[in-house]
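Good morning, and thank you for joining. Please look at the structure on the screen while I describe selected parts.

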Amino acid sequence: MGSTGGAPGIARGSNQHKGDVLLGVENVSLRFGGVKAITDVSFDIRKGEIRAIIGPNGAGKTSMLNVINGFYNPQEGRITFRGKTRARMRPSVAAAQGIARTFQNVALFKGMSTLDNIMTGRTLKMHSGFFWQLLRHGPALREEIEHRRFVEEIIDFLEIEAIRKTPVGRLPYGLQKRVELGRALAMEPELLLLDEPMAGMNLEEKEDMCRFILDVNNQFGTTIALIEHDIGVVMDLSDRIVVLEYGRKIADGSPDEVKNNQKVIDAYLGVAH
Ligand SMILES: Nc1ncnc2c1ncn2[C@@H]1O[C@H](COP(=O)(O)OP(=O)(O)OP(=O)(O)O)[C@@H](O)[C@H]1O
């Protein structure tokens, strides 16, 4: 297993089980008409860890991320967040509660600058009323200055100062992905969901993205759940990995445990069950 050999120089203590459970997925099943996208899947995400969700195409990974961020409500099972069972969810409510995500295909405002795109991530944090925001006066002006300062810090952190005024549609794909990460970070999430953060990147861009993901996790203590097809990267980045196949969980454990699991090896080699 391993397509790039992962991120050089980055080694995680693979057996660390960090913190308490932040989010629990309990016996979740999700169907689209007759299609079973997820069947009776349970796993948890612990505070401070990097948790990968992997599996062959169509295994149910993106569906699972969509359940976690409230885009889909499963027909069966439940999600707990910070120890409480969650009611039916909407993505905006999940985001307000501290769950931010990026998408498989970059979802930015292409005509807007890097800075303005990242600013949109602050919307949920803005408190002053629509009237003041319209006037850009009084409390709204003070608030905007504070949010801009925060966004500038993210821009420094992600090393994208040079493109802060550039419309994102003009940026190469790797940088657009970085801006999208910036927008998610602007929400100050407790749980950050990344859907294929390295997809379509060259080796150098992947190494940069690996470094930023680790830095976000280490410096801000942000818990991260990610879907990624590059197994080398997954093995290097993750504390724990859950493996899905045909909507079912087939393995869950440290990178070493998962790597040596026969069901996982078979799933990736396409062995029929
Ligand atoms: N909105 C939808 N309507 C109908 N079927 C869907 C929908 N979303 C996903 N599916 C189906 O559910 C199953 C799981 O899809 P999902 O996209 O979650 O898999 P995945 O593991 O993320 O795949 P990939 O690695 O290719 O992105 C697939 O059979 C897919 O066709």
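Strand 2 and helix 1, residues 61–68, each contribute at least two residues to the shell around the ligand. Helices here are DSSP runs of H or I with at least four residues, strands are runs of E with at least two, and both are numbered from the N terminus. The largest share of that shell, 3 residues, belongs to helix 1. I should state early that this is a predicted model, in which local features need pLDDT of at least 70 and side-chain atom pairs count only at pLDDT 80 or more, whereas totals for chains, interfaces and linings use all residues. Residues are numbered from 1 along each chain as its sequence is written.

Which residues surround the ligand? They are Phe32, Val35, Ala37, Gly55, Asn57, Gly58, Ala59, Gly60, Lys61, Thr62 and Ser63; a residue counts as near if its C-beta atom, placed from the backbone, lies within 6 Å of the molecule. By type, the shell has 4 nonpolar, 6 polar and 1 charged. Nonpolar means Ala, Val, Leu, Ile, Met, Phe, Trp, Tyr, Cys and Pro; charged means Asp, Glu, Lys and Arg; the others, Gly among them, are polar.

Let me return to strand 2. Strand 2, residues 35–46, runs antiparallel to strand 1, residues 21–32, and 8 bridges join them; pairing requires that DSSP find at least two bridges between two strands. Valine 28 has valine 41 of strand 2 as its bridge partner. The two strands form a hairpin with 2 residues between them, and glycine 33 in the turn has a positive phi of about 60°.

I now turn to helix 7. Helix 7 comprises 18 residues, 203–220, and reaches 25 Å from its first C-alpha to its last, close to the expected 26 Å, which is 1.5 Å times one less than its number of residues. Its buried residues (20 or more other C-beta atoms within 10 Å of their own, all placed from the backbone) are Lys206, Met209, Cys210, Ile213, Val216 and Asn217. Seen down the axis of helix 7, these residues fall within an arc of 125°, so they line one face; the arc is that of the directions from the helix axis to the C-beta atoms. On the other side, Glu204, Asn218 and Gln219 are exposed, with 12 or fewer such neighbours. Glycine 221, which follows helix 7, has a positive phi near 70°.

Finally, the chain as a whole: its secondary structure comes to 10 helices and 10 strands, and 41% of its 273 residues are buried.
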